[in-house]
Amino acid sequence: MSESPAVPARGSVGVMLPLDLPVGEVLPYVRRAEELGFDQVWVVEDLGWRGGVAQAATVLASTTNLTVGIGIMPAGARNVAFAAMELATLAQLHPGRLIAGIGHGMPAWMRQVGSWPASALTLIQEYARALRLLIAGKPGPEDGRYVRCEGVVLTEIPDIVPPVILGVRGPKSQAVAGEVADGLLLAEPAAPGYITASLRNLGSSAHPREIVVYDAAAVDEDEEAALARVRAVLEPVGEPQWAAHIDPLPFAEELRAHRAASSDARHFARTMPADWVRALSIAGTPAQARAAIDARHAAGATSVVLAPAGPDPLAALDSLARALPDRR
């Protein structure tokens, strides 16, 4: 069986499958996303919710053309050889339609289940390198500090090897992605300035890379209504753990000062200037949202993934689709 790497589909627009979507709405949601013309659906794996591999398998089997991304599988959660078997099987059954996102996982969750390593950077470096080799049908590398699969070989490998990208935000982790992965997944908010800074951390490479970005999204003929829907999603971005997302932006210091002056995260987001909300989300009229998507592609994103903001994600799909590029 021949193996060829998947080539990034530049200019793609996807939609996130909300982790709290009622189970009876999952299949209607992904089928509607395909009908509306979205290129991708991304599934989320957060502790206590739904498993990423199971969701991806179901979405792939229930649709025809959508690419399905897993964003993200924590490196410490699964033995790398068995993770490679799962991903290779999905890629075999659904050629060219899978992107695998790997990350550190949230430290608190990983500690809760006893899987947070002394060196998260070493683990993800070893894990991503081994995973890519195994999925491509090559022997597992020499045993490392955390990952041990030396000489393991998968017999069932896909014709099109899915990209393995790292969902990481810090400069050191992004530099590791440039060494051992097929690209990056940037969590929301992913303003163009953050994308540009992350690409610098990633470094140069001779082969095409997937740069997938998430952003909270709301589209409405009433711009203020759309902005109001995403404000709640932006409540955490003033906290220190979001510094990597905010530091490259021209209003970073003002944003920090606004958070310090705000009584709580809710007040911070509700009183944030509209220009900041536009920069930190994909929100507004269809034309404004389309321009925000275009700006992220221009900054280097190969895929822009919209995370629906508001109380009814299924209903939001039709509104979000109005921001899709005209591909006639």
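Select proline 74 first: this residue is found in strand 4. The model on display is a predicted one, and the tour proceeds from this residue through the rest of the chain.

**Stop 1: strand 4**

Is proline 74 buried or exposed? Its relative accessibility is 12%, so it counts as buried, the cut-off for burial being under 20%. Display the residues around it: leaving out those up to four places away in sequence, proline 74 touches Glu45, Gly103, His104, Gly105 and Met110. For a sense of distance, draw a line from the C-alpha atom of proline 74 to that of phenylalanine 251; the two are separated by 32 Å, with their positions 177 residues apart along the chain.

Remain in strand 4, which covers residues 67–74, and select isoleucine 72. The peptide bond that joins glycine 71 to isoleucine 72 is cis, with omega at about 5°. Most peptide bonds are trans.

**Stop 2: the second cis bond to inspect**

Move to glutamate 188 and proline 189. The peptide bond from glutamate 188 to proline 189 is cis, and its omega is near 0°. Proline 189 is placed in the loop between strand 8 (183–186) and helix 7 (192–202).

**Stop 3: the loop before strand 8**

Now select aspartate 182, in the loop that runs between helix 6 (171–180) and strand 8. Aspartate 182 counts as buried because its relative accessibility is 15%. Which residues does aspartate 182 touch, if those up to four places away in sequence are not counted? They are Arg132, Pro162, Pro163, Val164, Ile165, His207, Pro208, Arg209 and Glu210.

**Stop 4: the nonpolar cores**

Nonpolar side chains tend to be buried together in soluble globular proteins. Here the largest nonpolar core holds 75 residues, and those touching the most other members are Leu17, Phe38, Ile102, Tyr127, Leu131, Leu166 and Leu306. Centre the view on leucine 131: beyond its neighbours within four places in sequence, leucine 131 is in contact with Val80, Ala83, Ala84, Leu87, Ile102 and Val164. Another core, of 22 residues, lies apart from the largest one and includes Leu234, Ile246, Phe268 and Trp276.

Beside these names, select alanine 269, in helix 11 (residues 265–270). Alanine 269 has a relative accessible area of 3% and is therefore buried. Not counting residues up to four places away in sequence, alanine 269 touches Arg231, Leu234 and Glu235; Leu234 is among the members of the 22-residue core. The C-alpha atoms of alanine 269 and glutamate 254 are separated by 13 Å, and these residues are 15 apart along the chain.

**Stop 5: helix 13**

Helix 13 covers residues 286–299 and contains histidine 297. With a relative accessible area of 17%, histidine 297 is buried. Apart from neighbours within four places in sequence, histidine 297 is in contact with Gly11, Ser12, Val13, Thr302, Ser303 and Val304.

**Stop 6: strand 1 and the start of strand 6**

Select proline 5, in strand 1 (residues 4–5). Is proline 5 buried or exposed? Its relative accessible area is 65%, so proline 5 is exposed. Setting aside neighbours within four places in sequence, proline 5 is in contact with Ile160 and Val161. A line from proline 5 to glycine 137, C-alpha to C-alpha, spans 12 Å, although 132 residues separate them in sequence.

Next select aspartate 159, in the loop between helix 5 (120–135) and strand 6 (160–161). Aspartate 159 is partly exposed, its relative accessible area being 42%. From aspartate 159 to glutamate 45 the C-alpha atoms are separated by 26 Å, and the two residues are 114 apart along the chain. Glutamate 45 already appeared at the opening stop, as a contact of proline 74.

**Last stop: the whole chain**

Zoom out and show the cartoon. The protein chain comprises 14 helices and 11 strands, and its C-alpha trace spans about 55 × 45 × 40 Å along the principal axes. The radius of gyration is 19 Å, which agrees with the value near 20 Å that a compact globule of 328 residues would have.

Switch to a surface view. The accessible surface comes to about 14,000 Å², 54% of it belonging to carbon and sulfur atoms, while 51% of the 328 residues count as buried. Among contacts between residues at least 6 apart in sequence, 73% join residues at least 24 apart. Finally, colour by charge: the mean positions of the 28 positive and 36 negative charges lie 2 Å apart.

How values were computed:
Residues numbered from 1 in each chain as written. Predicted model: local features only at pLDDT ≥ 70, side-chain atom pairs only at ≥ 80, totals over all residues. Heavy atoms only, no water. Helix = DSSP H or I, 4+ residues; strand = E, 2+ residues; numbered from the N terminus. Rg over C-alpha atoms; globule rule 2.2 N^0.38 Å. Buried < 20%, exposed > 50% of the residue type's maximum accessible area, 1.4 Å probe, protein only. Contact = heavy atoms within 4.5 Å. Areas by Shrake-Rupley, 256 points an atom, 1.4 Å probe, with all protein chains shown as cover. Lys, Arg positive; Asp, Glu negative; His and termini not counted. Charge placed at Lys NZ, Arg CZ, Asp CG, Glu CD. Core = buried A, V, L, I, M, F, W, Y, C linked by side-chain atoms within 4.5 Å.
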